[in-house]
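Welcome! Take a moment to look over the sequence and turn the structure around before reading on.

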Amino acid sequence: MIISLVGYMGCGKSHISKILSEKINFKLIDLDKEISRRTQLTIPEIFEKKGEIYFRKLEREALEEILATEENLILSLGGGTPVYYNNMEIINNNSKSIFLKASVNTLTERLSKQKEKRPLIANIPDESLPEFIAKHLFERNAFYSKSLISVNTDSREPEDIVDEIIEKLYL
């Protein structure tokens, strides 16, 4: 079984996927890290040197390859992955998708501390961040909400979120 974690940047995909993979003993693949490994470039470097379209093509290729495997794994997706091509359809057809939902306030609080690592928001002034996130979430929620399972992450401990995921997957 492949379990795909979907959601906006800062919702906790990387952190939750690590705990979940340890708890159920599934291999973990972070899609962004896999793309970086393949290209020997960081995600910000790919965006800067080659552009977002190039990145989205690499992302799609890596996604298809990973979802074609038969192994038990947790796939932590980039926040934009479900939005491009028909990625969400492929994700749902080849894995159990879980949307980690977080409010604009939660996301703003988390992302304001890590802007330099996030090419999409690196140059957005702090006071404009909530509006940017809200607008972006509005656009992306249509894709995220196609996930098979939704789990709210606001004001919750990671272990509780993982337990809910396991419960909803009947593992």
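Here is a short tour of some salt bridges, a helix pair and a few single residues.

## Before we start

Please keep in mind that this is a predicted model. Every value below was computed from it, and the tour picks out a handful of places to visit.

## Salt bridges and a small network

Let us begin with the charged side chains. The structure holds twelve salt bridges, and three of them are described here, starting with one in helix α2. Glutamate 34 pairs with arginine 37, and their closest N and O atoms are 2.6 Å apart. The two residues sit three places apart in helix α2, which spans residues 31–39, so about one helical turn separates them. Their surroundings are not alike: glutamate 34 is buried, with a relative accessible area of 14%, whereas arginine 37 is exposed, with a relative accessible area of 52%.

This pair also belongs to a wider group. A network of salt bridges links Glu34, Arg37, Arg38 and Glu65. Glutamate 34 has further company too: leaving out residues up to four places away in sequence, glutamate 34 touches Ile29 and Ile66.

## Two more salt bridges

Helix α4 offers a second example. Here glutamate 52 forms a salt bridge with arginine 56, with 2.9 Å between the closest N and O atoms. Both residues lie in helix α4 (residues 52–67), four residues apart, which is about one turn of the helix. Which of these two residues is buried and which is partly exposed? Glutamate 52 is partly exposed at 27% relative accessibility, while arginine 56 is buried at 7%. Arginine 56 counts as buried because its value falls under the 20% limit.

A third salt bridge joins arginine 156 to glutamate 164, where the closest N and O atoms are 2.7 Å apart. Arginine 156 is partly exposed, at 28% relative accessibility.

## Where α4 meets α5

Now follow helix α4 to one of its neighbours. Two packed helices are described by the angle between their axes and the distance between the axes. The axes of α4 and helix α5 (residues 87–94) come within 10 Å and cross at roughly 10 degrees. That angle is under 35 degrees, so α4 counts as roughly parallel to α5. The crossing in which α4 passes α5 is left-handed.

Which residues meet between α4 and α5? From α4 come Arg60, Leu63, Glu64 and Leu67, and they meet Asn87, Ile90, Ile91 and Asn94 of α5. Sorted by class, this contact has four nonpolar, two polar and two charged residues.

Arginine 60 deserves a second look. This residue of helix α4 is buried, with a relative accessible area of 14%. Setting aside neighbours within four places in sequence, arginine 60 is in contact with Tyr85, Asn86, Asn87 and Ile90.

## Helices α6 and α7

Moving along the chain, helix α6 covers residues 104–111, and its buried residues are Thr106, Leu107, Thr108 and Leu111. What lies over these buried residues includes α7.

Helix α7, made of residues 129–144, is also the place of lysine 135. Is lysine 135 buried or exposed? Lysine 135 is exposed, with a relative accessible area of 53%. You can also compare its position with that of proline 82: the two are 53 residues apart in sequence, and their C-alpha atoms are 16 Å apart in space.

## Two residues with positive phi

Finally, have a look at the backbone in two loops. Most residues other than glycine have a negative phi. Asparagine 25 has a positive phi, near 60 degrees. You will find asparagine 25 in the loop between α1 (13–24) and β2 (27–30), and asparagine 25 is exposed at 69% relative accessibility.

Serine 155 also has a positive phi, near 50 degrees. Its loop runs between β5 (149–152) and α8 (158–169). Serine 155 is exposed, with a relative accessible area of 80%; the value is over 50%, so the residue counts as exposed.

Methods:
Residues numbered from 1 in each chain as written. Predicted model: local features only at pLDDT ≥ 70, side-chain atom pairs only at ≥ 80, totals over all residues. Heavy atoms only, no water. Salt bridge = Lys/Arg side-chain N within 4 Å of Asp/Glu carboxyl O. Buried < 20%, exposed > 50% of the residue type's maximum accessible area, 1.4 Å probe, protein only. Axes fitted to C-alpha atoms, helices over the stretch in contact; angles between N-to-C directions. Parallel < 35°, antiparallel > 145°, perpendicular 65-115°, else oblique. Left-handed = near helix turned anticlockwise from the far one by under 90°. Contact = heavy atoms within 4.5 Å. Nonpolar A, V, L, I, M, F, W, Y, C, P; charged D, E, K, R; others polar.
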